[in-house]
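I opened this notebook to keep a record of what I looked up in one structure, entry by entry. I begin with a term I need, and then go from the whole chain to single residues.

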Amino acid sequence: MVQYTLAQSPDIILTVPGKDSAKAREKAMDQLMQLMDEGKLPTELEDGFSAKQLIEVKEVSMDTNSGEDEITQAVQILSNLATLKLKVQDSRAEALEIRKQVDILFSDDSATEEEITRLKEGFKVLKTFAQANLRYQEAKAKAEQARQILDRALKSADK
């Protein structure tokens with residue numbers, strides 16, 4: 001759900017399903033026209049009005065459960081780290097084997113067509129491993145903070 005208001009009448013809230021989009025703004029404009037037709041709009045829009053002038057209302061959440069949300073997010077970050085670690089471990093040996101074969105391209109020795117074809121096919125594995133490894137290293141750095149959040153939460157449970 002998305003909500004819109006007017007600068008001229010901030011007390012008027014127009015609610016439409018979906019996200020902020022041209023279609024959602026058109027639906028809000030239909031609601032606005034209906035309010036005008038019914039005489040329920042306290043503001044005169046003398047100079048005209050367009051969907052672009054609608055102001056999206058963003059809810060500011062005053063969550064009292066922010067501690068719980070922080071813990072949930074920390075667990076999700078650690079779960080993501082675990083998944084990435086498995087991906088890296090599963091493809092590491094094969095990727096390192098392919099990496100050794102890359103040296104064939106730089107030697108003056110001749111290589112068979114089969115070796116080159118196998119190497120080309122292995123580049124996908126090498127790329128997948130390298131990308132997963134980068135994501136794992138980035139996730140590991142973020143997960144350190146998540147681990148500290150959980151440690152604090154668990155310490156408070158011990159007291």
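**Entry 1: a term, and one residue.** Before listing any neighbours I wrote down that two residues are in contact when they have heavy atoms within 4.5 Å. I also noted that I am reading a predicted model. With that in mind I looked up Arg25, whose place is in helix α1. Not counting residues up to four places away in sequence, I found that Arg25 touches Tyr4, Asp20, Ala51, Lys52 and Leu54. Is Arg25 buried or exposed? I recorded a relative accessible area of 16% for Arg25, and because buried means under 20%, Arg25 counts as buried.

**Entry 2: the whole chain.** I then stepped back to the chain, which has 3 helices and 3 strands, and I wrote their order from the N terminus on as β-β-α-β-α-α. The chain has 159 residues, of which 23% count as buried. Its exposed area is about 12100 Å², and carbon and sulfur atoms supply 51% of that area. I also looked at contacts between residues at least 6 apart in sequence, and 59% of these join residues at least 24 apart.

**Entry 3: confidence.** How far does the predictor trust its own model? The average pLDDT of the chain is 85, and 88% of the residues score at least 70. Going element by element, I found the lowest mean pLDDT, 85, in strand β3 (residues 55–57), while β2 has the highest, 90. I copied out a caution for myself: where pLDDT is low, the predicted coordinates should not be read in detail.

**Entry 4: the nonpolar cores.** Next I looked for places where nonpolar side chains come together, having read that in soluble globular proteins such side chains tend to be buried together. The largest nonpolar core has 14 residues, and those that touch the most other members are Tyr4, Leu14, Leu32 and Leu54. At least two residues of this core come from each of β1 (2–5), β2 (14–16) and α1 (22–37), and α1 gives the largest share, 4 residues. A second core, separate from this one, has 9 residues, among them Leu84, Val88, Phe129 and Ala143.

I went back to Leu54 to see what surrounds it. Which residues is Leu54 in contact with, leaving aside its neighbours within four places in sequence? My list reads Tyr4, Thr5, Leu6, Leu14, Arg25, Ala28, Met29 and Phe49. Arg25 from my opening entry is on this list, and Leu54 is likewise among the residues that Arg25 touches.

**Entry 5: a nonpolar patch on the surface.** Turning to the surface, I noted a nonpolar patch of about 340 Å², made by Leu105, Phe106 and Phe123. I followed Phe123 further and placed it in helix α3 (residues 113–158). Phe123 counts as partly exposed, because its relative accessibility is 34%.

**Entry 6: salt bridges.** I moved on to charged side chains, which can pair when they are of opposite charge and their charged atoms come close. The structure holds 5 salt bridges, and I looked up several of them.

- Glu97 and Lys100 meet through their side chains at 4.0 Å, N to O. Both are in helix α2 (residues 66–102), and because they are 3 residues apart there, about one helical turn separates them. Glu97 is partly exposed at 43% relative accessibility, whereas Lys100 is exposed at 56%.
- Arg118 and Glu114 meet in a salt bridge at 3.9 Å, N to O. They are 4 residues apart in helix α3, so about one helical turn lies between them. Arg118 counts as partly exposed at 42% relative accessibility, and Glu114 counts as exposed at 58%.
- Asp103 forms a salt bridge with Arg99, and their closest N and O atoms are 3.2 Å apart. Asp103 is partly exposed, with 43% relative accessibility.

**Entry 7: following Arg99.** I ended with Arg99, which lies in helix α2 and is partly exposed, with a relative accessible area of 43%. How many residues apart in sequence are Arg99 and Leu126? I counted 27, while in space they are 7.3 Å apart, C-alpha to C-alpha.

Definitions and conventions. Residues numbered from 1 in each chain as written. Predicted model: local features only at pLDDT ≥ 70, side-chain atom pairs only at ≥ 80, totals over all residues. Heavy atoms only, no water. Buried < 20%, exposed > 50% of the residue type's maximum accessible area, 1.4 Å probe, protein only. Areas by Shrake-Rupley, 256 points an atom, 1.4 Å probe, with all protein chains shown as cover. Core = buried A, V, L, I, M, F, W, Y, C linked by side-chain atoms within 4.5 Å. pLDDT = per-residue confidence, 0-100. Patch = residues over 30% accessible without salt bridge, like charges linked within 9 Å, V, L, I, M, F, W, Y side chains within 5 Å.
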